[in-house]
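Me: Could you walk me through a few ring contacts in this model? Keep it casual, please.

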Amino acid sequence: MSKPKAPEPVKLIVSVFSQTLELITEVTKELSKKLGSIDFVSEIFPFDSTSYYEKEMGKGLIRRFLSFNKMVLPYRLSHIKLYTNKIEEHFSDHKGNRRLNIDPGYISLSHLILATGKGYAHRPYLRDGIYADLTLIYEDKSFHALDWTYPDYRSKDIIELMNTIRKKYVFQLKGLKRRELC
């Protein structure tokens, strides 16, 4: 019989995309107020692997990834997704169309999980209408895509970026364990 134990804290990440860098910058400040200091800010990537959001948000979308210094317990992901949904709603236009999209997730030692409001076979339910999407797995010193991984998360650039954030996470986790042993 296995003995239940508390999960390790995980590294919170967020993807933000919009038509304007100014809006991404404004939302980044808002996110740091609630989620803590940001320890990684990616370069700007074109968000062009799908046209799914163009009808609502327009063309020429750009994306930035962030990670946060404070680690969280995995169960917090659904709460964080509900919070980011409220931010999206707050910044919506007068017709209710989103002007930005915020996708929170976390990196653990073995995978990247994204939060989503859409359930499918590979997305187990968390709570409050939020599902967990197993997006990437970590094996042989790198993240790898799965059959259902979104095309953008399959790209070499984003996998390298997630590997970089994971290195930060591993360093933080070792520091946390050293403090617990003292």
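Reply: Sure, starting with a definition: buried means under 20% relative accessible area, exposed over 50%, and partly exposed in between, with a 1.4 Å probe and protein chains only. This is a predicted model, where local features need pLDDT of at least 70, side-chain atom pairs count only at pLDDT 80 or more, and totals for chains, interfaces and linings use all residues. Residues are numbered from 1 along each chain as its sequence is written, and side-chain values use heavy atoms, leaving out hydrogens and water.

Me: Is Tyr53 buried or exposed?

Reply: Go by the relative accessibility of Tyr53, which is 13%. That puts Tyr53 under the 20% cut-off, so Tyr53 counts as buried.

Me: What kind of aromatic pair do Phe47 and Tyr53 form?

Reply: Rings of Phe, Tyr and Trp (its six-membered ring) pair if their centres lie within 6.5 Å; planes under 30 degrees apart are stacked, over 60 edge-to-face, the rest tilted. Phe47 and Tyr53 sit 5.8 Å centre to centre with 65° between the planes. So by that rule the pair is edge-to-face.

Me: And which kind of pair do the rings of Tyr52 and Tyr53 make?

Reply: Tyr52 itself is exposed, with a relative accessible area of 54%. Its ring centre is 4.9 Å from that of Tyr53 and the planes are at 80°, so this pair is edge-to-face.

Me: Which residue lies over the face of Tyr138?

Reply: A charge sits over a ring if NZ of Lys or CZ of Arg is within 6 Å of the ring centre and within 35 degrees of the ring normal. At 3.4 Å from the ring centre of Tyr138, the residue is Arg166.
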